[in-house]
Amino acid sequence: MPKLGFDSPAPDTYASPAEFEAALTTLARLGFDGVEIGVADPARLDLRQLQESLSRTGMALCGVLTGASYFTEGLCLISPDAAVRARAVERLKAHLDWTAPLGATVVVGQMQGMRSDEPDRQRANERLIVGMRQVAAHAEACGGHVVLEAVNRHEVAHNYTAAEVLEVVEAVNSPAFNAMLDTYHINIEECSLDGPVRLAGSRLGYLHVVENHRGRIGSGHLDLALILRTTLEIGYAGYWVFGDFYGPGDIGERAGAAIEYLRRHDLLTK
């Protein structure tokens with residue numbers, strides 16, 4: 001069975017380090033193996049505090065979302081400005097430097113940019129591939145792992161489907177660079193729920209498990225169990241990273257709903 005992860009707000013959004021650590025303790029108690037956080041700039045992260053909290057709670061850092069750097073600093077891999085692209089590449093390299101020793105995956109989603117950055121898909125992907133070749137080479141050198149997420153058309157300029165993301169992954173051609181799927185985006189862009197997982201196959205490096213409304217797991221209309229069972233069929237051994245971005249309650253209630261969903265569908269074998 002894949003390891004279980006849950007998305008959490010960034011450590012610095014909690015009232016105190018102790019509150020963040022309490023959230024990790026709750027996730028561990030429920031049976032989660034790792035936590036995912038968003039980090040715009042690792043230079044502003046208290047890495048020592050994060051490592052101590054992970055160590056004390058026995059939790060791993062499963063992944064790091066990087067999209068905030070697009071919104072706060074405009075870092076974009078398809079920008080027509082070469083200097084902006086270079087800064088985006090350097091930021092991703094910096095993420096790999098601190099995440100590789102922790103075994104975490106660096107997620108590239110929103111840094112793909114919007115149509116206002118580059119409306120032409122061919123030009124955008126040419127720039128994206130050049131940048132990701134540099135990032136992937138750095139990942140190989142430091143032992144890190146990076147994924148490109150298939151994101152729906154309302155949130156990025158291009159590469160909405162597994163097939164489109166795999167074109168970029170194959171062009172970059174690095175064992176340290178793979179595809180990421182998110183069930184929320186699958187529901188919007190794909191023709192089936194299990195097809196994208198089968199298509200990604202061994203290149204599936206990371207999976208977000210999110211309801212169609214991004215709320216509490218089990219309260220939407222998505223057949224998440226079908227998608228999860230398909231990942232088992234293809235031999236996926238990464239994380240199932242659950243996200244509940246709009247559901248009520250604290251992280252324990254939201255994460256508990258994910259565990260209950262797995263139990264109800266006979267997918268919890270721990």
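Two strands pair if DSSP finds at least two bridges between them. The exercises below apply this to a predicted model.

**Exercise 1.** Which strands pair with β4, and in what sense?

*Solution.*
- Start with strand β3 (residues 60–65): 3 bridges link β3 and β4, in the parallel sense.
- Fix the register: the bridge partner of glycine 63 is threonine 105 in β4.
- Turn to strand β5 (residues 145–149): 4 bridges join β5 to β4, and the two run parallel.
- Fix the register here too: valine 108 stands opposite leucine 148 in β5.
- Add the connection: β4, helix α5 (residues 121–142) and β5 form a β-α-β unit, and the unit is right-handed.

**Exercise 2.** Are the residues on the two faces of β4 buried or exposed?

*Solution.*
- Recall the rule: side chains in a regular strand alternate between the two faces of the sheet.
- Assign the sides of β4 (residues 105–108): Thr105 and Val107 lie on one, Val106 and Val108 on the other.
- Apply the cut-off: buried means under 20% relative accessible area.
- Conclude: all four named residues are buried, and both faces of β4 are covered.

**Exercise 3.** Describe the two largest pockets by volume and lining.

*Solution.*
- The largest pocket holds about 460 Å³.
- Of its 19 lining residues, Leu65, Gly67, Gln110, Glu149 and Glu155 are the closest to the centre.
- That lining splits into 8 nonpolar, 7 polar and 4 charged residues.
- The second largest pocket has about 340 Å³.
- Of its 19 lining residues, Pro11, Asp12, Arg44, Leu45 and Asp46 come closest to the centre.
- α2 gives the largest share of this second lining, 3 residues.
- By class, the second lining has 9 nonpolar, 5 polar and 5 charged residues.

How values were computed:
Residues numbered from 1 in each chain as written. Predicted model: local features only at pLDDT ≥ 70, side-chain atom pairs only at ≥ 80, totals over all residues. Heavy atoms only, no water. Buried < 20%, exposed > 50% of the residue type's maximum accessible area, 1.4 Å probe, protein only. Right-handed = clockwise from strand over helix to strand, strands pointing away. 1 Å grid on protein atoms, 1.4 Å probe; cavity = no way out; pocket = protein on both sides within 12 Å on 5 of 7 lines; lining within 4 Å. Points joined across faces, edges and corners; volume = space filled by probe spheres on them. Nonpolar A, V, L, I, M, F, W, Y, C, P; charged D, E, K, R; others polar.
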